[in-house]
Amino acid sequence: MIMKKQILLFVLMVLMPMMASADDSGSCGNGVTYSFKEINHTLTISGTGAMWDYSWSSSDQPWANYKDQILYVIIESGVTSIGNSAFYSCSSLTAVSIPNSVTTICPVAFGDCSSLTSVTIPNSVTSIGAHAFEGCSGLTSVTIPNSVTSIGENTFYKCSSLTSVTIPNSVTSIGENTFYKCSSLTSVTIPNSVTSIGDNAFSGCI
């Protein structure tokens, strides 16, 4: 009897990761849906409108049980905002495609996505929320478009691989701790349009 229980436990341990990363789909906004394909580890966000917001440091995203399996995120045209903590702690995420329909990247949207190496933000985006890319320790480059007017506090907090940043002429303010502990940062271009830089914005940029 004990041997049978041990065998059953072993089988469950083998099958659970496979079950957790199986294909999945559902809603992640009013008129917005998601689809995860295990074969290529891709999460696709489709539809029209804004994604729902999720809680920081919790696991209430629909893909929470397999978020460490997500390598790629494709957000299709029609989606207008990336919700709060939508991809928080997707630690294996390496690339994301953001369409021109997105106008807002909400707070903590990509927080702690430590494998993300580069991000191109489209010209449609006007707002990048606080902590949006906090803890993206693998992020080496980011393109901020001329449409962005403000960069929230802690946006690139502890992006320790980020080497250079060019801030466009559209930006008027840089929030607190925006580039705090970006220890690899060697070059920053700040335009004349910036009228305020928050406390500790570049603290720890050794």
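The following dialogue discusses how to read several features of a predicted model.

Trainee: Which secondary structure elements are in the chain, and how many of each?

Mentor: This predicted model has one helix and 16 strands in its chain. The chain holds 206 residues, and buried residues make up 43% of them. About 9,800 Å² is exposed by the chain, with carbon and sulfur atoms supplying 54% of that area.

Trainee: What share of the contacts joins residues far apart in sequence, at 24 or more positions?

Mentor: Among contacts with a separation of 6 or more, residues 24 or more positions apart account for 32%. V171 can serve as a case. V171 sits in the loop between β13 and β14 (173–174).

Trainee: Is V171 buried or exposed?

Mentor: Buried means under 20% relative accessible area. V171 has a relative accessibility of 0%, and therefore counts as buried. Beyond its neighbours within four places in sequence, V171 is in contact with V148, T149, I151, S193 and V194. The C-alpha atoms of V171 and T126 are separated by 9.6 Å, although these residues are 45 apart along the chain.

Trainee: Let us turn to charged residues. Where is E134 found, and which side chain of opposite charge is nearest to E134?

Mentor: E134 belongs to the loop between β10 (127–128) and β11 (141–143). A salt bridge requires a side-chain nitrogen of Lys or Arg within 4 Å of a carboxyl oxygen of Asp or Glu. The nearest side chain of opposite charge to E134 is K158, at 6.9 Å, and E134 has no salt bridge although it is buried.

Trainee: Which side chain is joined to that of E134 by a polar contact, and which residues does E134 touch beyond four places in sequence?

Mentor: A polar contact of 2.2 Å links the side chain of E134 to that of H131. Beyond four places in sequence, E134 touches W56, F110, G111, D112, N154, T155 and Y157.

Trainee: Two of those residues, D112 and N154, are of interest for their backbone. What is the phi of D112, and what is the phi of N154?

Mentor: The general idea comes first. Most residues other than glycine have a negative phi. In this structure, D112 is not a glycine, yet has a positive phi of about 60 degrees. N154, likewise not a glycine, has a positive phi of about 60 degrees.

Trainee: Where do D112 and N154 lie, and is each buried or partly exposed?

Mentor: D112 lies in the loop between β8 (104–105) and β9 (118–120), and counts as partly exposed because its relative accessibility is 34%. N154 lies in the loop between β12 (150–151) and β13 (164–166), and counts as buried because its relative accessibility is 8%.

Trainee: Which residues make a nonpolar surface patch?

Mentor: V188, I190 and I197 make a nonpolar surface patch of about 210 Å². Residues of a patch must have over 30% relative accessible area. I190 has 36% and is partly exposed. This residue is located in the loop between β15 (187–189) and β16 (196–197).

Trainee: Finally, where is N200 found, and which residues does N200 touch beyond four places in sequence?

Mentor: N200 is in the segment after β16. With a relative accessible area of 46%, N200 is partly exposed. Its contacts beyond four places in sequence are N177 and Y180. The C-alpha atoms of N200 and G175 are 8.9 Å apart, while the two residues are 25 apart along the chain.

Note on methods. Residues numbered from 1 in each chain as written. Predicted model: local features only at pLDDT ≥ 70, side-chain atom pairs only at ≥ 80, totals over all residues. Heavy atoms only, no water. Patch = residues over 30% accessible without salt bridge, like charges linked within 9 Å, V, L, I, M, F, W, Y side chains within 5 Å. Areas by Shrake-Rupley, 256 points an atom, 1.4 Å probe, with all protein chains shown as cover. Helix = DSSP H or I, 4+ residues; strand = E, 2+ residues; numbered from the N terminus. Buried < 20%, exposed > 50% of the residue type's maximum accessible area, 1.4 Å probe, protein only. Lys, Arg positive; Asp, Glu negative; His and termini not counted. Polar contact = N/O pair within 3.5 Å; in protein donor to acceptor, adjacent residues only side chain to side chain. Contact = heavy atoms within 4.5 Å.
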